[in-house]
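Here is a walk through a two-chain model, written to be read with the structure open beside it. Let us begin with a term that will come up again and again.

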Amino acid sequence: MAEYKGVMIFGEVREGKLAAVTTELLGCGRNLADALGQELYCLLVGNDITSLAGEAIAYGADRVYVVDTPPMKDYDTDLYLSVSEKVARQVMPCIVLFGQTAIGRDLGPCLAFRLGTAISTDCVELAIEPGSKLLLQTKPVYGDNARATFTCESYPQMATVRARVMSSPERDGSREGQIINVEASLDAPSVRTKVIKRVVEESTGIKLEDANVVVCGGRGIGSAEGFKKLEKLAEILKGAVGASRPPCDNGWVSNSLLVGLTGKIIAPDLYIAVALSGSSQHMTGCSGARNIVAINKDPEANIFKEATLGIIGDWEELLPVFTNKIEELMAGRKKDR
Amino acid sequence: MTAVRMIVCCKQVPDPEAPPESFRINPELNRIVLPPGVSAVIDPYAERALEAALRVKDDQGGTITVLSLGTNLLPDVVIKPLSMGADELILLDDEAFAGGDSWSTAYALSMAIKKVGDYDLIFCGRQASDWDAGQVGPGIAEMLGLPLVTIARKITVGNGKATVEKVTDDGYEVVEVSLPALVTVSNEVGEPRYPTIKGIMGARKKEPVIWKPDDIGAESSWIGAAGCRTKLLKLFQPVHEGKCEIIEGDSPGEAIANLVAKLKEARIV
């Protein structure tokens, strides 16, 4: 279909900057646009975000469509859907990409259905098939026990992309591009949802996504108190605490600590998995870790198939010894310096 | 108190708790091969969606209609929602529904929902544990023109609207939505309840309603494999290298000392 042209990514803003997943999408979108010999567009929606359009260009966009208005300050399904539909119908991109984030999971499928096309969610690989020029969309299925590659012959071809599986390109401040402001033209009756409260569950210390070391606990930790012991080890290693599904479902820790298919995808240097079985849904979240150390009393636990180093035993006996030993090691290094 | 009319979409899936090593695929047919002993269950996310609906019913009273689409739906599996407390079960069970994708599934379910008629709230799981797409809920909302809230952990109903706690990447939001609406439900809603003996006995007495494509007025080219907008090119299994070194020791202290020595040697710490 000749009238559909270009690759468009939906940009997200975090703490006044382009979100990490957005620069990753710009890198991935750039490669796809180059493979098609077409342009890369970025759509930015929010309030007071125009200054970030230049950033999107520096990371690879040729054209940035900006919807910058106070009502768009925070994400709202109806508002964002209405403006992204407007831009997509106007620009007619051949490919549209979102991050697999709370926003992308919500907006991506809605926009696809509204435009009468399909979307593949949580893709870990995207490529252009040389002959057909179709987008090859690869995603984990059955809790990452298998992977599937899809194509879609209706346009635009759409996908959400998992965070941290694509690398961000180098920033190039000398790149030039075009910034296009788009009027939101909000239709009040179309807004049927209203966010009345937003709560950020601050974790103390280093953020899970940014940490080089993550100490992660599973069902076997047994209680909120147990997690305090993991916190101590994480603190000594200047890392963060994570959790698998059961501790979050049981309310021992906040769901913002969830590592896995339905939570955060992380790639620390060291991942210490304590009393967690290592279901594929969980491993999806940490398979990018460079080193995985597993402590589990069940020698058959799946985590031992995924880990680099493992100890079979009771975490309650092992962890305090481990924490002390690491503390000694760190204290010794401080003295040497 | 006003009785709330609810519809919950529940999918039958292979048990996601089955051990990962038991999964195989048939590359010729591009299909998952289920190993013997892996049973079918109601998708765990859909069970949470049902639990959320049951809590609204506990609180406000109301009715719950469960919809399930598939082929070869197993009676023992699909009646579980009835034994947990749902009122009615409608099965869209026909070969014509087979081989569908999120698009054709959302279409068939939205046609069935139109036939059900009066409803205040539709619940779906945040995704299903087989294809993990998370699109059928949003798709139904779009096709029926309903407002949508995804990834909910708590839903309360009152004054013609629902108040939903929605899980976000760094916390949660409280969203008010006018009814009728569609909500997708996440694990954080909490454990689904167990069926009671009374519930199980009652469920056995209820006859599920079975609807064929014609019953819901579905366009045959829009359902099942015919209605797919996506094409599955290839299904494959990622290779996991089992290379874990198990650290031994005569006591916890010794094992940990060996572990820390290894970590130091490899410059990991």
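A residue is called buried when its relative accessible area is under 20%, exposed when that value is over 50%, and partly exposed in between. A:Arg171, with a relative accessible area of 46%, is therefore partly exposed. Please keep in mind that this is a predicted model.

**Salt bridges within chain A**

Over all chains, the count comes to 35 salt bridges. Three of those inside chain A are set out here.

| Residue pair | Closest N to O distance | Relative accessibility |
|---|---|---|
| A:Arg30 and A:Asp62 | 2.9 Å | 16% and 15% |
| A:Arg171 and A:Glu55 | 2.5 Å | 46% and 22% |
| A:Arg89 and A:Glu85 | 3.0 Å | 47% and 17% |

Take the pair of A:Arg30 and A:Asp62, whose closest N and O atoms are 2.9 Å apart. A:Arg30 sits in helix 1 (residues 20-36) of chain A, while A:Asp62 belongs to the loop between helix 2 (53-58) and strand 5 (63-68), so this salt bridge ties together parts that are 32 residues apart in sequence. Are these two partners buried or exposed? A:Arg30 counts as buried at 16% relative accessibility, and A:Asp62 is buried as well, at 15%.

The salt bridge between A:Arg171 and A:Glu55 has its closest N and O atoms 2.5 Å apart. This pair links distant parts of the chain: A:Arg171 lies in the loop between strand 11 (157-161) and strand 12 (178-181) of chain A, and A:Glu55 in helix 2, 116 residues apart. A:Glu55 is partly exposed, with a relative accessible area of 22%.

A:Arg89 and A:Glu85 tell a local story. Their side chains meet at 3.0 Å, N to O, and because the two residues are four apart in helix 3 (residues 77-91) of chain A, about one helical turn separates them. Here A:Arg89 is partly exposed at 47% relative accessibility, whereas A:Glu85 is buried at 17%.

Just along the chain is A:Met92, in the loop between helix 3 and strand 6 (95-99) of chain A. A:Met92 counts as partly exposed, at 26% relative accessibility. Leaving aside residues up to four places away in sequence, A:Met92 touches A:Glu3, A:Tyr4, A:Lys5 and A:Val87. For a sense of scale, the C-alpha atoms of A:Met92 and A:Lys232 are separated by 52 Å, with their positions 140 residues apart along the chain.

**Where the two chains meet**

The size of an interface is often given as the accessible area lost when the parts come together. Chain A and chain B bury about 7000 Å² between them, and 59% of that is on carbon and sulfur atoms. Which three residues supply more of the area that chain A buries than any other three? They are A:Phe113, A:Tyr142 and A:Arg192, which supply 12% of it. The contact takes 78 residues from chain A and 79 residues from chain B.

Polar interactions also cross this boundary. There are six salt bridges across the interface, and 33 residue pairs are in polar contact. On the side of chain A that touches chain B, the residues divide into 34 nonpolar, 22 polar and 22 charged. One of the salt bridges joins B:Glu188 to A:Arg245, with the closest N and O atoms 3.3 Å apart. Both residues belong to a network of salt bridges that links A:Arg245, A:Asp249, B:Arg48, B:Glu188 and B:Glu191.

**Strands within and between chains**

Strands of a sheet pair through backbone hydrogen bonds, either parallel or antiparallel. Strand 10 (residues 146-152) of chain A and strand 14 (residues 230-236) of chain B pair in the antiparallel sense over six bridges. There, A:Arg147 has B:Phe236 as its bridge partner.

A parallel open sheet is made of six strands, in the order 15(A)-14(A)-16(A)-17(A)-18(A)-15(B). Its edge strands are strand 15 (240-243) of chain A and strand 15 (245-246) of chain B, each pairing on one side only. Inside this sheet, strand 14 (residues 213-217) and strand 16 (residues 270-274) of chain A pair in the parallel sense over five bridges, and A:Val214 stands opposite A:Tyr271.

**Chain B as a whole**

Chain B has seven helices and 15 strands. Of its 269 residues, 54% are buried.

Terms used
Residues numbered from 1 in each chain as written. Chains lettered and ligands numbered in written order. Predicted model: local features only at pLDDT ≥ 70, side-chain atom pairs only at ≥ 80, totals over all residues. Heavy atoms only, no water. Contact = heavy atoms within 4.5 Å. Buried area = accessible area lost by both parts, 1.4 Å probe. Salt bridge = Lys/Arg side-chain N within 4 Å of Asp/Glu carboxyl O. Polar contact = N/O pair within 3.5 Å; in protein donor to acceptor, adjacent residues only side chain to side chain. Nonpolar A, V, L, I, M, F, W, Y, C, P; charged D, E, K, R; others polar. Pairing = 2+ DSSP bridges. Buried < 20%, exposed > 50% of the residue type's maximum accessible area, 1.4 Å probe, protein only.
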